[in-house]
Number of protein chains: 2
Amino acid sequence: MNLLLFDSNDMSGENEIIISGRRLKHLNNILKLKTDEQVDVGKVGGLLGKGRIISINEDEAKLDLNIYISPPEKLPLSLIIGLPRPKMLSRILRNVAAAGVKSLHLINSRKVEKSYWQSPLLQIENIHKQFKTGLEQASDTILPDIKLWQQFKPFVEDFLPNLLSGQRSFIAHPGNYPLLPADSNIATTIALGPEGGFIPYEIEKLIDAGCTPVSLGTRVLRLESAIDTVIGRQLIPQF
Amino acid sequence: MNLLLFDSNDMSGENEIIISGRRLKHLNNILKLKTDEQVDVGKVGGLLGKGRIISINEDEAKLDLNIYISPPEKLPLSLIIGLPRPKMLSRILRNVAAAGVKSLHLINSRKVEKSYWQSPLLQIENIHKQFKTGLEQASDTILPDIKLWQQFKPFVEDFLPNLLSGQRSFIAHPGNYPLLPADSNIATTIALGPEGGFIPYEIEKLIDAGCTPVSLGTRVLRLESAIDTVIGRQLIPQF
């Protein structure tokens with residue numbers, strides 16, 4: 001946790017927040033903050049800056065805010081992924097938010113187990129919880145956009161062509177395809193199959209919708225690693 | 001598990017193996033293999049090919065081997081990482097082996113908790129177990145090289161300059177540095193800090209030993225994601 005994220009529920013005055021629970025534990029046990037010391041803070045969806053401890057004990061911490069810094073740029077990257085099993089999904093949600101991915105579409109696919117769609121993790125407040133953990137890691141305040149598509153066909157036929165229009169779009173697929181280009185700052189959408197991969201029908205539909213097949217090298221990667229690998233090829237420089 | 005890995009302990013004849021335990025479970029419950037059906041197999045450190053089921057039940061499976069395919073190329077990539085906590089390390093070991101990283105150096109650093117060095121995961125048979133899970137995922141048979149350096153100074157002063165000689169060498173470090181180049185097929189070594197990062201003294205020593213500072217973008221990544229991000233920039237094409 002490199003950033004103390006707060007939202008309007010934590011505000012106790014115009015420039016004041018009261019923190020309890022998990023975040024308080026971090027202030028007390030990891031950062032060991034005392035009165036008048038400062039910590040990096042950010043408002044969900046808003047600015048970042050410093051919070052000064054007015055008071056802190058085992059029940060709550062009161063902080064005085066001075067926020068004025070814009071959140072960091074997002075990667076111009078949208079991911080379309082076959083819904084993974086919940087345990088992997090929670091890690092993916094954190095990593096995607098930390099890396100600054102702009103939007104994430106979780107889609108159905110033949111190889112997605114139906115039970116995965118019943119996971120409580122897919123409730124929006126739980127998705128946001130994982131996103132926030134990633135934002136705390138990367139000192140960002142802006143939640144990625146997220147959309148769930150429990151039916152493949154309406155997604156790929158009705159929605160996807162519009163999403164991709166005017167954008168560079170790929171599908172990562174094992175085979176003799178060129179590597180995903182390693183460029184920065186070009187708006188890119190990339191589709192990645194679930195564990196077990198997309199079936200041929202789905203690949204065909206994704207290509208029809210505008211996705212060009214590309215390779216992520218010679219090895220079959222786990223979805224989680226494949227996502228970070230894609231992110232590695234879309235990094236934006238610091239200056 | 002995309003490959004059934006076996007070693008000489010599993011051999012029951014010149015071209016025959018007997019499998020039990022976890023791998024048998026996979027053959028029975030996931031692949032649901034029957035007599036005369038085939039599965040992709042590979043010998044640890046050796047060739048890949050097909051195994052044909054001679055007999056299979058709940059106790060063991062006997063397979064007839066036909067192996068003749070060379071394992072896939074490794075990435076010409078060596079990683080030097082500050083020892084992470086055991087849970088993260090086991091995922092890293094699997095991912096590194098799956099991605100085809102050539103060698104891995106686990107080093108000490110000021111921010112590495114001393115207790116991490118006591119983890120049973122660091123016993124070579126346990127490291128190899130994690131590596132094999134990665135190899136099973138990526139259909140490879142060659143274990144990455146692994147070295148443990150519980151003392152930073154002898155590593156960086158006595159060993160590292162030789163390791164890096166004639167090689168492209170980097171240290172990933174947050175700051176205003178150029179991005180890690182996204183090239184393929186150039187022998188590269190890259191050092192990544194532990195959780196909490198290298199301390200300035202350590203960075204200085206790594207630079208002295210020949211590592212050029214590079215950035216992995218504008219965000220502070222978790223070590224696990226940083227490694228896959230690095231791998232993403234060093235992919236080798238399929239053709």
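These are some friendly notes on the two-chain model above, taken point by point.

1. A word on the ground rules before the details. This is a predicted model, in which local features need pLDDT of at least 70 and side-chain atom pairs count only at pLDDT 80 or more, while totals for chains, interfaces and linings use all residues. Residues are numbered from 1 along each chain as its sequence is written, chains are lettered from A and ligands numbered from 1 in the order in which they are written, and side-chain values use heavy atoms, with hydrogens and water left out.

2. I would start with the mixed sheet of chain B. Its 6 strands form an open sheet in the order 1-4-5-6-3-2; strands (E, at least two residues) and helices (H or I, at least four) are DSSP runs numbered from the N terminus, and two strands pair if DSSP finds at least two bridges between them. Strand 1 (4-6) and strand 2 (11-13) of chain B are the edges, each pairing on one side only. On average, neighbouring strands here are turned by 40 degrees against each other, direction ignored; axes are lines fitted to C-alpha atoms, for helices over the stretch in contact, and angles run from 0 to 180 degrees between N-to-C directions. Within this sheet, strand 4 (residues 38-43) and strand 5 (residues 48-56) of chain B run antiparallel and are joined by 5 bridges, with V39(B) opposite G51(B).

3. In chain A, the hairpins are worth a look. Strand 4 (residues 38-43) and strand 5 (residues 48-56) of chain A pair in the antiparallel sense over 5 bridges, and the hairpin they form has 4 residues between the strands, with G45(A) in the turn at a positive phi of about 80 degrees. A hairpin through 4 residues also joins strand 5 of chain A to strand 6 of chain A, and 8 bridges link this antiparallel pair. G49(A) appears in both pairings: it is the bridge partner of V41(A), and its own partner in strand 6 of chain A is I67(A).

4. Chain B has a parallel sheet too. This open sheet of 6 strands has the order 9-8-7-11-10-12, and its edges are strand 9 (145-149) and strand 12 (212-214) of chain B. The average turn between neighbouring strands is 20 degrees, direction ignored. Strand 10 (residues 168-172) and strand 12 of chain B pair over 3 bridges, and I171(B) stands opposite P213(B). Helix 4 (residues 152-164) of chain B packs on the sheet, its direction making about 160 degrees with that of strand 8 of chain B.

5. On to the interface. Chain A and chain B bury about 3200 Å² between them, 50% of it on carbon and sulfur atoms; this is the accessible area (1.4 Å probe) lost on being put together, summed over both parts. In chain A, R219(A), L235(A) and Q238(A) lose the most area to chain B, together 23% of what that side buries. The contact (heavy atoms within 4.5 Å) takes 39 residues from each of chain A and chain B.

6. Lastly, the salt bridges, meaning a side-chain nitrogen of Lys or Arg within 4 Å of a carboxyl oxygen of Asp or Glu. The structure holds 26 over all chains, and the count between chain A and chain B is 2. R219(B) forms a salt bridge with D140(A), with the closest N and O atoms 3.0 Å apart. Inside chain A, E157(A) and K205(A) form one at 2.5 Å between the closest N and O atoms. E157(A) lies in helix 4 and K205(A) in helix 5 of chain A, so the pair ties together parts that are 48 residues apart in sequence.

Terms used:
Buried area is the accessible area (1.4 Å probe) that two parts lose on being put together, summed over both.
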